[in-house]
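Here are my notes on this model, point by point. Please keep the structure open while you read.

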Amino acid sequence: MAEPNANATEPQGSPEKMSTLTIEHPASERIDHLDLLESHAIFIIREVAAECERPVLLFSGGKDSAVLLHLAVKAFAPGKLPFPVMHVDTGHNFPEVISYRDGIIESLGERLIVASVQDSIDQGRVVDPGPGGMRNRLQTVTLLDAINANGFDAAFGGARRDEDKARAKERVLSFRDTFGQWEPRRQRPELWQLYQGKVSPGEHLRCFPLSDWTELDIWQYIERENIELPSIYFAHERQIIERDGMLLSLSEWVAPLDGETVVTETVRFRTVGDATCTGAVRSAAVSLPEIIAETASSTVSERGATRADDKFSETSMEDRKREGYF
């Protein structure tokens, strides 16, 4: 049955000759799935900011945290963010990402806290894996120390459920005990998108407003909102080393081992992290439409395709999350 048209004049004549009226919305006012994802994420961010006393937004400089920061800015515009931004810095970062991080925070005029894994090593809190060693797992101690030192009771992160099966278990609000650890069987139900954000003394929660987004959603939203990203997300020539099926970027932390050679390839990165374990993918995609088309045809998640730290075992991500990893 057609809907009434609010702009139409009232029909004249007998009931038999009356036509059914329809309501039409301009195409620009139609709500698509990105509008729904955005409104839900902003709702979550505002709810947690209202419920918790000292939240913090974790920012790595990657595409997901860039979207998360963009949503947070939208949530509280025209005011400033009511919480700081924090980067857990492994010290093994791609220089393009650090340059982007500093530039975007400065342009927004927000407060940036840098929690350094190197500081944790220097203080004897964690053991240095040595030259070329992966530091991703060491971030857990650095993150928990920073949360305790600043008294944060909530931390926003850009994790998505489609990245890894351990993250698929995660609630939107993920509660951590006094040791910062995650127990999936003790998480609270979130029926009908109702969230319980109260935390007990000594505990804190991790909030994932992008939980229901996919990698494709992220790229489509970046294109729609014209969100700035680090240049390494787009195809470029780079010296790489192929190791265990991963294309690792030559750097001061990644050097060729015996039998390995350095070659120049046209690549881009689907995710960013510790340079010692984050691989590139061969790609010629230099624009957002090309990346979106490439992502739509991919059958492997970005973590499964490019993160060596997730390849140790079937439960590597879940093991780290139980320890307090984000």
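1. Start with the exposed side of a helix. On α3, Pro 95, Ser 99, Glu 106 and Ser 107 are exposed. They sit on the face turned away from the buried side of α3. Bear in mind that this is a predicted model.

2. Now the other side. Which residues of α3 are buried? They are Val 97, Tyr 100, Arg 101, Ile 104 and Ile 105. Seen down the axis of α3, these buried residues fall within an arc of 120°, so they line one face of the helix. The general rule helps here: an α-helix has 3.6 residues a turn, so residues three or four places apart point the same way.

3. What covers that buried face? The cover includes the helix α2 (63-76). It also includes the strands β2 (85-89) and β3 (112-116).

4. The length of α3 checks out. The helix runs over residues 95-108, which makes 14 residues. At 1.5 Å a residue, α3 should span 20 Å. Its end C-alpha atoms are 20 Å apart, so expectation and model agree. After α3 comes Gly 109, with a positive phi near 70°.

5. The sheet deserves a look next. It is open and has 6 strands, with mixed pairing. The order is β3-β2-β1-β4-β6-β5. At the edges are β3 and β5 (173-176), each pairing on one side only. Neighbouring strands of this sheet are turned by 30° against each other on average, direction ignored.

6. One strand pair in detail. How do β1 (residues 55-58) and β2 pair, in the parallel or the antiparallel sense? They pair in the parallel sense, over 2 bridges. At one bridge, Leu 57 has Val 85 of β2 as its partner. In general, strands of a sheet pair through backbone hydrogen bonds, either parallel or antiparallel.

7. Helix α2 connects these points. Besides helping to cover the buried residues of α3, α2 lies across β1, β2 and β4 (154-156). Its direction is at about 140° to β1.

8. Last, the cysteines. How many disulfides does a search of the whole structure find? The count is 0. Take Cys 52: the closest cysteine sulfur belongs to Cys 207, at 8.3 Å. A disulfide needs the two sulfur atoms within 2.5 Å, so 8.3 Å is too far for a bond. Cys 52 is buried, with a relative accessible area of 8%. Cys 277 is buried too, with a relative accessible area of 0%.

Notes: Residues are numbered from 1 along each chain as its sequence is written. This is a predicted model: local features need pLDDT of at least 70, side-chain atom pairs count only at pLDDT 80 or more; totals for chains, interfaces and linings use all residues. Side-chain values use heavy atoms; hydrogens and water are left out. Helices (H or I, at least four residues) and strands (E, at least two) are DSSP runs, numbered from the N terminus. The expected span of a helix is 1.5 Å times one less than its number of residues. Buried means under 20% relative accessible area, exposed over 50%, partly exposed in between (1.4 Å probe, protein chains only). The arc is that of the directions from the helix axis to the C-beta atoms. Contact means heavy atoms within 4.5 Å. Two strands pair if DSSP finds at least two bridges between them. Axes are lines fitted to C-alpha atoms, for helices over the stretch in contact, and angles run from 0 to 180 degrees between N-to-C directions.
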